[in-house]
Amino acid sequence: MTTTDLWRLSATALATRIRARDVSATEAARDALARLDAVNPRINAVIAHNPEETLAEAAAVDAALARGEDPGPMAGVPVTIKVNADQKGWATTNGLRLQRDLIAEQDNPVVANFRRAGAVILGRTNTPAFSLRWFTNNQVHGHTKNPRDPGITPGGSSGGAAAATAAGIGTIGHGTDIGGSIRYPAYACGIHGLRPTIGRIAAFNASGAERAIGAQLMAVSGPIARTMADIRLGLAALSQPDPRDPWYVPAPLEGPPAPQRAALCIAPEGMKVQPEVEAALRDAARRLEAAGWTVEEVSETPPLQEPAHLQAMLWLAETRRNLGTVIAREADPEATVIYGYMERLCPSPDLGAFQDALQRRAGLLRQWLLFFERYPVLLMPTSGELPFRDQSDVASFEDFQRILAAQLPQVGLPLLSLPGLAVATGLVGRVPVGVQLVAGRYREDLLLKAGEAIEAGGVPPAPIDPA
């Protein structure tokens, strides 16, 4: 492989070659920048970057290697950062005109941990306004396209991260997820994405650019990548401690042994599931069985509809205090429509209902933890549908309701702080399809083990040239 094809390598393979000094971090950075220049204009995934800064970071990795020092497990690997995370010297816009001049004075822990691991920051990736949708468009950075099919959404809110990674712009993309914003873009772009347990990865924006989502419903940062090995590498790098995040938990990355037993649920709570999605789930189950797993089909899981409703109620109870005013000031037409739909579906609770919701959350989590005692891993849809036609959520209130119903497996879990892994399994024509794996708190190791078994049965080719 020439130094003009390094962008094709996985993060794991590239770091190995750089650490062995077969290629330099500077060569990898130059090739990554060339790839960005070649394909980003067609997908608008990276909305800001500075080649000089990227090359300087790569040169520092090369200098450390020349001195015989260990630059870290991600030595010289190009990564991208979602534009809602602080990166020193850059605007934390979160897709907002109101924040285009909100320049971060320090790195978010996710950026700092990438740097400590030796990664090189390639650029900043797009998100919808307020990181609010499963589609990626805003008034300050524009519209991100899916590199596999420009007619379907790249997902959201980490749509820029997934589109960039699928197209070979960087090896690992940073994303955030409060209701599918890592898992769905990975699904829509035909790659993998991990939403870790709350507290697994430290994250904090000193700029104050976080949305008013509160401690009870924090968005979680996690990796988006083309291979399971890279998801594992990204998780290890990002899960290092940082005292700025009071919710960080120093849980080991490897938990106690668990039986290779998974539950398969095709249609949780009777949700509608397209035949192509069901076929992908059954195919993934066969792949697990071929790898020595026991897979038992179940008709139901613990509740998903109820935690999804409670999450929306709690989230809107906080955002109604100030986000509505900010949305009006931003005047992003699509964000305004979506927030209006959300308010329409979720009445404002009184204090008693708010407290009842927090109490009920504990009971719901107990049911799920007991389920995982019998089945350490759950295999279920990421979405009930193939990736949606782009911008279809703002077509009508009825379209939004249909999309929300299809996304139940994503929205129903974050309230309970359970980790979820989107695994790409194949293509329907050129439209990606995949599955979701779920496990108990801080058992990302089980998700990765099952994900690797499914990946071994075949995944969509990546990186790709934009369609």
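The following paragraphs describe a predicted model, beginning with one strand and its partners, then turning to a cavity and to some unusual points of the backbone.

Strand E2 comprises residues 78-82, and five of its five residues are buried. In a regular strand, the side chains alternate between the two faces of the sheet. For E2, one side carries Pro78, Thr80 and Lys82, while the other carries Val79 and Ile81. Both of these faces are covered.

E2 has pairing partners that can be traced in the structure. With strand E3 (residues 120-125), E2 pairs in the parallel sense over five bridges. Within this pairing, Ile81 stands opposite Arg124 of E3. Between the two strands the chain passes through helix H4 (residues 109-116), and the resulting β-α-β crossover is right-handed. E2 also pairs with strand E6 (residues 172-177), again in the parallel sense, over two bridges. Here Thr80 of E2 is opposite Gly173 of E6.

E3 leads the reader to the interior space of the model. The structure contains one cavity of 30 Å³ or more, and the largest cavity encloses about 60 Å³. Which element gives the most to the lining of the largest cavity? That element is E3, with four residues. Helix H3 (51-66) likewise supplies at least two residues of the lining. Among the lining residues are Glu53, Glu57, Trp90, Ile121 and Arg124. By character, the lining consists of four nonpolar, five polar and three charged residues.

Attention now turns to the backbone. Most residues other than glycine have a negative phi, and most peptide bonds are trans. Against this background, several places deserve notice. The peptide bond joining Gly156 and Ser157 is cis, with omega about 5°; Ser157 lies in the loop between strand E5 (142-143) and helix H5 (159-166). Another cis peptide bond runs from Ala462 to Pro463, with omega near 0°. Pro463 belongs to the segment after helix H15 (444-455).

Positive phi values outside glycine are found at Ala331, where phi is near 60°, and at Ser417, where phi is about 60°. Ala331 sits in the loop between helix H10 (323-330) and helix H11 (333-345), whereas Ser417 sits in the loop between helix H14 (408-411) and strand E12 (420-428). Are these residues buried or partly exposed? Ala331 is partly exposed, because its relative accessible area is 41%, which lies between the limits of 20% and 50%. Ser417 is buried, because its relative accessible area is 13%, and buried means under 20%.

How values were computed: Residues numbered from 1 in each chain as written. Predicted model: local features only at pLDDT ≥ 70, side-chain atom pairs only at ≥ 80, totals over all residues. Heavy atoms only, no water. Buried < 20%, exposed > 50% of the residue type's maximum accessible area, 1.4 Å probe, protein only. Pairing = 2+ DSSP bridges. Right-handed = clockwise from strand over helix to strand, strands pointing away. 1 Å grid on protein atoms, 1.4 Å probe; cavity = no way out; pocket = protein on both sides within 12 Å on 5 of 7 lines; lining within 4 Å. Points joined across faces, edges and corners; volume = space filled by probe spheres on them. Nonpolar A, V, L, I, M, F, W, Y, C, P; charged D, E, K, R; others polar.
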